[in-house]
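The exercises below ask you to work from the structure to its salt bridges, its chain contact and its strand pairing. Please attempt each task before reading the solution beneath it.

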2 protein chains.
Amino acid sequence: MKVAKFGGSSVANAKQIKKVANIIKSDSSRKVIVVSAPGKRFSDDVKMTDLLIELCYAKQQNQDHDLQLQNIMVRFQEIIEDLSLDQSILEDIQQTIEKYLQFDISPMAQLDALKSIGEDSSAKIVSAYLKHLGLNASYVNPKEAGIFVSNEPGNAQLLPESFSRIYKLREREGVSVVPGFFGYTENNDLVTFSRGGSDITGAILAAGTKASLYENFTDVDSVFAVNPNFVENPKDITVLTYKEMRELSYAGFSVFHDEALIPAFKEEIPVCIKNTNNPEAPGTMVVAERDSTDQCVVGIASDVGFCSLYVSKFLMNREVGFGRKLLNIFEDEGISFEHAPSGIDDMSVIFRDHLFTPEKEQIVIDRIRNELHVDTVSIHRDLAVVMVVGEGLVNTIGVAAKATASFAKAGINIDMINQGSSEVSMMFGVHAVDLEKAIQSLYKEFFTEDESNLTFPSAVARGHQ
Amino acid sequence: MKVAKFGGSSVANAKQIKKVANIIKSDSSRKVIVVSAPGKRFSDDVKMTDLLIELCYAKQQNQDHDLQLQNIMVRFQEIIEDLSLDQSILEDIQQTIEKYLQFDISPMAQLDALKSIGEDSSAKIVSAYLKHLGLNASYVNPKEAGIFVSNEPGNAQLLPESFSRIYKLREREGVSVVPGFFGYTENNDLVTFSRGGSDITGAILAAGTKASLYENFTDVDSVFAVNPNFVENPKDITVLTYKEMRELSYAGFSVFHDEALIPAFKEEIPVCIKNTNNPEAPGTMVVAERDSTDQCVVGIASDVGFCSLYVSKFLMNREVGFGRKLLNIFEDEGISFEHAPSGIDDMSVIFRDHLFTPEKEQIVIDRIRNELHVDTVSIHRDLAVVMVVGEGLVNTIGVAAKATASFAKAGINIDMINQGSSEVSMMFGVHAVDLEKAIQSLYKEFFTEDESNLTFPSAVARGHQ
């Protein structure tokens, strides 16, 4: 059996829901369906979840909220009418909203309840439409599905005992349509996951039912090997491993929230990223293992907004504890460091720029000067990180040579190379202004067939260019 | 004025001392001369300092020590007779030894006093020989020279007030010959520097007299660009900077102890490494700054005996303080780490193998498992480190490409690349078995003229070779 999750764009309107129904009908092994709240129908549209949040805030601030409620009901009405479904579903949705608006609970708990309406209604509508088409389908509330969570509004954590309950979903006849994004506490309180939580529900149900496949339907045919903003029509990734996915997600890949997939990863359930608008496309498989001899590098990711702090101190390498003390200062100030390359008498710390407010900068630099007695300390902003990702990296000779040659060809100075810990990635630091050229050159090197003339210029001093 | 220091091989016998005298005579600006104890005359010979240590141990253990004393006196006698010097010098040396043997002081202090006899006698002999040749030369005791130190036997530290006293050496007429290796405390106790301390004395006197040049006479024409055990007849380094010297020294370059030069470095006194046996050779200059556009890479150094500890933990990069905690464990166990490359979910720590006894290994691994709750932890031994060193690295495009291409050509897998902190070096980790090939290939890439065909093979999967 398969678990299929459909994202917001797949249930944004009746036209999309019809595509979803066709996808479900076309494969009888798609037994558990998870749906998001209706997403944007056009680029300036507002997502259903945001409408629900507006409604909740208006109510909690004792403002008139008829308009907010009407916006919500109009959208559901349109979908229900366009699908020729019974009006009773609309009434059911409205009653649920009214009930939650009257709840005498904490504002956070009420917000969670109202936010869940989007997914919950999608599940009601989709199951009704499947039945309307003659399928044996039913709406299954997360409680019935067995999703029990901790009482942390907006950040629910699954309780481990849920898995055995979820497994029973397999026994249900027909198609079970479960709303994503929320679960229930043992005390029957509705609590939502963090945003993007339908992906979490999907992964949990795939893991709990020990599905043969978890299909994640989005609006792209597959994951690209590189950001299409940098390279026109980049190649698709057909298969990538969990590890590769994670490294790519770190540096700018945002097809979905990689951490949401953790439950599926842990049970080694294969994941397939597919397109609701083009279900025939094979999509991208995310698996535990792949044959890396086919393709050593699977993708190139990048991210900007990094900052580097450099310290030098004569005889640093004789000083046991220097590196630890430096990192300790970052920790004390709540700054998570990304990397810490070191020389004999110097060390750099790479971290996200946004963590380094002018205030923090002053504190950190003062502490480094006063506590570590360094010779110099300096900050370099506008650093970009480029990651070459692939399971084959660790055992393939010449990958570093190809990557660095591509930078040399493009005339790009490499600020940092970090290789040696991750077995699936190689990381380069470049100036942010060089990022686009860097990505394009790497893509050409690793993903285009024309690899015949892999030559590169001799080292050229920058000052002489 | 110049300060010239002559090492043990330069004063090992009369023939060598004659060369030293010729060198001093040939340049009247060589006003301050520092000498070591007589070194080895042939490969199986024993150094004078070791004979003196034997004598001291025999005496302190109340053994008969006539033989040890005789060994020492025979060597001095031979030198003095071969130089046709007055027998009174030999008597002076013997009286000094006898006096120190009778000293009623701590064993450590007595050892320091006896160890100093080698350098002290060299200075007496050389100054006498220079006078014999008609030069205005005199023996200057370190106390007279102004070298005042802390009372740490075998590890004396210069007292800062020494510098102003040493500066007065400039005012002395003729050539001052100062024994290396020791100084005096304010209480008149003789204390030696750490082993190799004649280099320290030389650098201190060069700094204190603000010499225009500090010449360090050894038995090699210059510093080689690479270890001659790996490459036949490697190129000489004509000029290198203090920073380059320091990075090269870290990884296996052992022409002299780089830390001994610190006093000279601090005063920015240029240092010249020259050969007593071939003083016409220009030698290697060590300076504060050089024009790096001539030659971006100045040398290739390497060292073996490194070990790498790898840990992985899912979502490690979300855990503020993980890196610090890991390094803390190393610090607690007294293990100085060299580098710490990190990925998203993993981190490696590179350190010297000899620090990691089986006992320490067990403690460190247990602590990492119990305190950091990692997913995996593993140890990789037999790692070698290769450093490509040059002031031009940071601003030169294509150096990483050339270096990594040379590894690829030689079929060598790179375990680690660490670039991004030091401005003058790029570091590679390889398996120790690949080290020789790696060095040879890098040398060919950076130091031979034949750079016409800088091509490299496409990435090749190791398993397919």
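## Exercise 1: a salt bridge within chain A

A:R381 is partly exposed, at a relative accessible area of 33%, where partly exposed lies between buried (under 20% relative accessible area) and exposed (over 50%), computed with a 1.4 Å probe on protein chains only. This is a predicted model, in which local features need pLDDT of at least 70 and side-chain atom pairs count only at pLDDT 80 or more, while totals for chains, interfaces and linings use all residues. Residues are numbered from 1 along each chain as its sequence is written, chains are lettered from A and ligands numbered from 1 in the order in which they are written, and side-chain values use heavy atoms, with hydrogens and water left out.

Task: identify which side chain A:R381 meets in a salt bridge, and state where the two residues lie.

Solution. Step one is the criterion: a salt bridge is a side-chain nitrogen of Lys or Arg within 4 Å of a carboxyl oxygen of Asp or Glu. Step two applies it, and the side chain of A:R381 meets that of A:E361 at 2.4 Å, N to O. Step three places the pair, with A:R381 in strand β16 (residues 376-389) of chain A and A:E361 in helix α13 (residues 358-372) of chain A, so that distant parts of the chain, 20 residues apart, are linked. Helices (H or I, at least four residues) and strands (E, at least two) are DSSP runs, numbered from the N terminus. Step four checks the partner, A:E361, which counts as partly exposed at 22% relative accessibility.

## Exercise 2: salt bridges between the chains

Task: find how many salt bridges are counted between chain A and chain B, and decide whether B:R324 is buried or exposed.

Solution. The count between chain A and chain B is 4 salt bridges, whereas the structure holds 48 over all chains. In one of the pairs that cross, B:R324 bridges to A:E331 with the closest N and O atoms 2.4 Å apart, and the pair runs from helix α12 (residues 322-332) of chain B to helix α12 (residues 322-332) of chain A. B:R324 is buried, with a relative accessible area of 14%, and A:E331 also counts as buried, at 19%. A further bridge joins A:R246 to B:D345, whose closest N and O atoms are 2.5 Å apart.

## Exercise 3: the extent of the contact

Task: state how many residues each chain gives to the contact, and what area is buried.

Solution. With contact taken as heavy atoms within 4.5 Å, 69 residues come from chain A and 69 residues from chain B. The two chains bury about 6,300 Å² between them, 57% of it on carbon and sulfur atoms; buried area is the accessible area (1.4 Å probe) that two parts lose on being put together, summed over both.

## Exercise 4: strand pairing

Task: determine which strand of chain B is joined to strand β18 (residues 416-419) of chain A, and which strands of chain B are joined to β14(B).

Solution. Two strands pair if DSSP finds at least two bridges between them. Strand β18 of chain A is joined by 3 bridges to strand β16 (residues 416-419) of chain B, the two running antiparallel, and A:N418 stands opposite B:N418. Within chain B, 11 bridges join strand β11 (residues 299-312) to strand β14 (residues 376-389), again antiparallel, with B:G299 opposite B:V389. Strand β14(B) is also joined by 7 bridges to the antiparallel strand β17 (residues 425-431) of chain B, where B:L383 stands opposite B:H431.
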